[in-house]
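User: Hey, got a minute to go through a model with me? I'll throw questions at you as they come up.

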Amino acid sequence: MTENLNPFAIAQAQLDMAAGILQLDPDMHAFLRQPMREFHFSIPVRMDDGHVQTFRAFRVQYNDARGPAKGGIRFHPDETIDTVRALAAWMTWKTAVSDVPLGGGKGGVVCNPRNMSAGELERLSRGYMRAVARFIGPERDVPAPDVGTTPQIMAWMLDEYEVINGHHEPGVITGKPLMLGGSAGRTPATAMGGMVTIREAAKLLGMTLNGATAAIQGYGNVGSYAHRLAHDLFGLKVVAVSDEFGAIYNANGLDPAAVGNQMRRTGKVSGLPDSEEIGNAQLLELPVDILIPAAIENQLTGANADRIQAKIVAELANGPTTPEADQIFRQKGIYTIPDFLCNAGGVSVSYFEMVQNTYGYYWTDEVVQERLDQKMTTAFHAVHNMAEAQGVETRMAAYLVAVNRVAEAVRARGWV
Ligand code: NAD
């Protein structure tokens with residue numbers, strides 16, 4: 001039987017397993033299986049050549065029992081409503097596991113930002129905000145960047161929202177540039193949070209990080225910072241990195257500054273002097289200590305899981321591992337740091353950004369780092385303790401912690 005790779009079907013299957021273990025009330029289970037609200041838009045955008053192109057776009061508010069919905073906006077050619085639903089569900093579990101007073105949401109636009117001019121991107125970003133503005137706000141739903149979107153895009157969206165509403169409202173969106181009310185430490189926060197979980201996992205497994213090897217898939221915001229931080233903080237030897245165009249390898253470790261320069265010059269990691277070109281699939285199967293997927297969903301599946309040799313899989317990407325691969329990893333004794341725990345650093349600092357926007361008083365980078373470390377360490381151990389107590393693997397333990405917290409809020413509100 002071929003594996004079902006629909007991300008929302010996967011998200012629902014994961015919830016179903018957790019509901020079974022928790023013996024969740026069937027009415028609660030049915031409620032948590034579906035998004036509470038979703039919006040579908042058509043956004044007309046005047047392109048540089050004069051014609052008007054219509055883009056499909058979505059916003060899903062999966063669950064806001066614990067607080068305003070929170071989640072990024074993706075600009076990606078393969079975006080579908082089911083991907084957005086799955087990511088919104090995972091945001092719900094992520095904000096719960098990291099115990100920030102927020103719910104889960106996600107947005108997406110079907111477009112290829114690489115083929116659009118800055119002017120076209122600005123008009124699309126403003127068009128998205130015009131479509132969604134009446135449904136979001138600091139007390140309702142707060143977007144942020146994700147795949148294909150940047151602090152500049154957040155700035156255009158913030159400006160459009162404030163023009164529509166006629167007053168400043170920096171807390172409507174996070175991941176903003178610093179001068180518009182962004183938080184210190186937001187851009188590297190997802191990777192930084194992942195490093196905290198890797199540090200804690202290594203302690204549990206008795207792994208020395210200095211000199212240990214790693215491979216990173218994806219070299220965008222998350223992957224490039226993961227490379228730099230793994231190298232600088234732990235002395236990890238990152239032997240391979242990749243992007244959508246290809247992968248490179250050097251047994252002695254790749255220098256993050258050199259790969260960064262290569263990216264700036266050519267827009268790709270491949271072609272770096274003193275590195276060997278390898279296949280994207282090969283990167284995942286290298287005999288490294290730590291594998292860090294930091295690209296897109298469904299990269300570790302039933303088709304390649306038995307060839308994965310890493311001891312730790314640190315899922316900085318959302319949904320990189322399918323349930324079939326999970327099962328194989330369990331048999332092989334691979335330690336997974338599940339996505340909505342591993343990559344919760346981004347939403348934690350987004351939450352810090354909202355708090356700072358509310359007060360209009362801004363923290364230093366040191367304060368942000370200290371609080372981020374505290375949040376991630378606490379979340380990691382809540383999941384680890386649950387795994388020990390219930391005898392389940394880490395992804396299921398993260399679900400148990402998160403679903404319990406969301407269900408409790410839903411129950412307290414009297415919704416179910
Ligand atoms: P990004 O758009 O900045 O980068 C994505 C990278 O993945 C690019 O380098 C791209 O070339 C690469 N890529 C795409 N397809 C690939 C493939 N098949 N093989 C190898 N590389 C491929 O996005 P990002 O913000 O770095 O997000 C990466 C992942 O992290 C996503 O799953 C995202 O949902 C997740 N995430 C991001 C944040 C955040 O704060 N940015 C927070 C939590 C989770």
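User: Let's start with asparagine 298: buried or exposed?

Analyst: Keep in mind that this is a predicted model. Asparagine 298 is buried, since its relative accessible area is 19% and the cut-off for buried is under 20%.

User: Where does asparagine 298 sit along the chain?

Analyst: Asparagine 298 is in the loop that links strand E10 (290-293) and strand E11 (312-314). The backbone is worth a look too: asparagine 298 has a positive phi of about 55 degrees although it is not a glycine.

User: Why point that out?

Analyst: Because most residues other than glycine have a negative phi. Aspartate 99 is another non-glycine with a positive phi, of about 55 degrees.

User: And where is aspartate 99, and how exposed?

Analyst: Aspartate 99 belongs to the loop between helix H3 (81-97) and E4. Aspartate 99 counts as partly exposed, with 44% relative accessible area.

User: OK, switching to the ligand. Which residues are closest to the ligand?

Analyst: The closest are Arg74, Thr190, Val222, Glu244 and Asn318, out of 25 residues that surround the ligand. By class, that shell has 8 nonpolar, 10 polar and 7 charged residues.

User: What about polar contacts to the ligand? Start with arginine 74.

Analyst: An N or O atom in the side chain of arginine 74 is 2.9 Å from a ligand oxygen. Arginine 186 also puts a polar side-chain atom 3.4 Å from an oxygen atom of the ligand. With aspartate 243 the backbone is involved: a polar backbone atom there lies 3.5 Å from a ligand nitrogen.

User: How much of the ligand's accessible area does the protein cover?

Analyst: On its own the ligand has 830 Å² of accessible area, and the protein covers 87% of that. The elements that give two or more residues to the shell are helix H7 (221-234) and strand E7 (237-243).

User: Where does the ligand lie relative to the domains?

Analyst: The ligand lies between domain 1 (7-11 + 37-180) and domain 2 (189-342), because both give residues to the shell around the ligand.

User: You mentioned E7. Which strand does E7 pair with?

Analyst: E7 runs antiparallel to strand E8 (residues 246-249), with 4 bridges joining them. They form a hairpin that has 2 residues between the strands. Aspartate 243, the residue with the backbone contact to the ligand, has glycine 246 in E8 as its bridge partner.

User: And on from E8?

Analyst: E8 is joined by 3 bridges to strand E9 (residues 276-278), again antiparallel. In that pairing, tyrosine 249 stands opposite glutamate 276 in E9. Glutamate 276 and tyrosine 249 are 27 residues apart in sequence, yet their C-alpha atoms are 5.0 Å apart.

User: Is glutamate 276 buried or exposed?

Analyst: In between: glutamate 276 is partly exposed, at 46% relative accessibility.

User: Back to the N-terminal side. How many bridges join E1 to E2?

Analyst: 10 bridges join strand E1 (residues 37-46) to strand E2 (residues 52-63), and the two run antiparallel. Proline 44 stands opposite threonine 54 in E2. The hairpin has 5 residues between the strands, and glycine 50 in that hairpin takes a positive phi near 100 degrees.

User: Does E2 pair with E4 in the parallel or antiparallel sense?

Analyst: Antiparallel: E2 and strand E4 (residues 104-110) pair over 6 bridges. Phenylalanine 58 has glycine 108 in E4 as its bridge partner.

User: Any loop residues to look at? Try threonine 149: what does its side chain reach?

Analyst: The threonine 149 side chain reaches the backbone nitrogen of aspartate 146 at 2.8 Å. Threonine 149 sits in the loop between strand E5 (141-145) and helix H5 (151-165), and at 9% relative accessibility it counts as buried.

User: Last one: what about glycine 360, buried or exposed?

Analyst: Glycine 360 is exposed, with a relative accessible area of 52%. Its place is in the loop between helix H12 (345-359) and helix H13 (365-390). Glycine 360 is 179 residues from glycine 181 in sequence, while the C-alpha to C-alpha distance is 8.2 Å.

Terms used. Residues are numbered from 1 along each chain as its sequence is written. This is a predicted model: local features need pLDDT of at least 70, side-chain atom pairs count only at pLDDT 80 or more; totals for chains, interfaces and linings use all residues. Side-chain values use heavy atoms; hydrogens and water are left out. A residue is near a molecule or strand if one of its heavy atoms lies within 4 Å of it. A polar contact is a pair of N or O atoms within 3.5 Å; within protein, one must be able to donate a hydrogen and the other to accept it, and residues adjacent in sequence count only if both atoms are side-chain atoms. Accessible areas come from the Shrake-Rupley method with a 1.4 Å probe; for residues, only the protein chains shown count as cover. Ala, Val, Leu, Ile, Met, Phe, Trp, Tyr, Cys and Pro count as nonpolar, Asp, Glu, Lys and Arg as charged, and the others, Gly among them, as polar. Domain bounds come from an automatic or database domain assignment. Two strands pair if DSSP finds at least two bridges between them. Buried means under 20% relative accessible area, exposed over 50%, partly exposed in between (1.4 Å probe, protein chains only).
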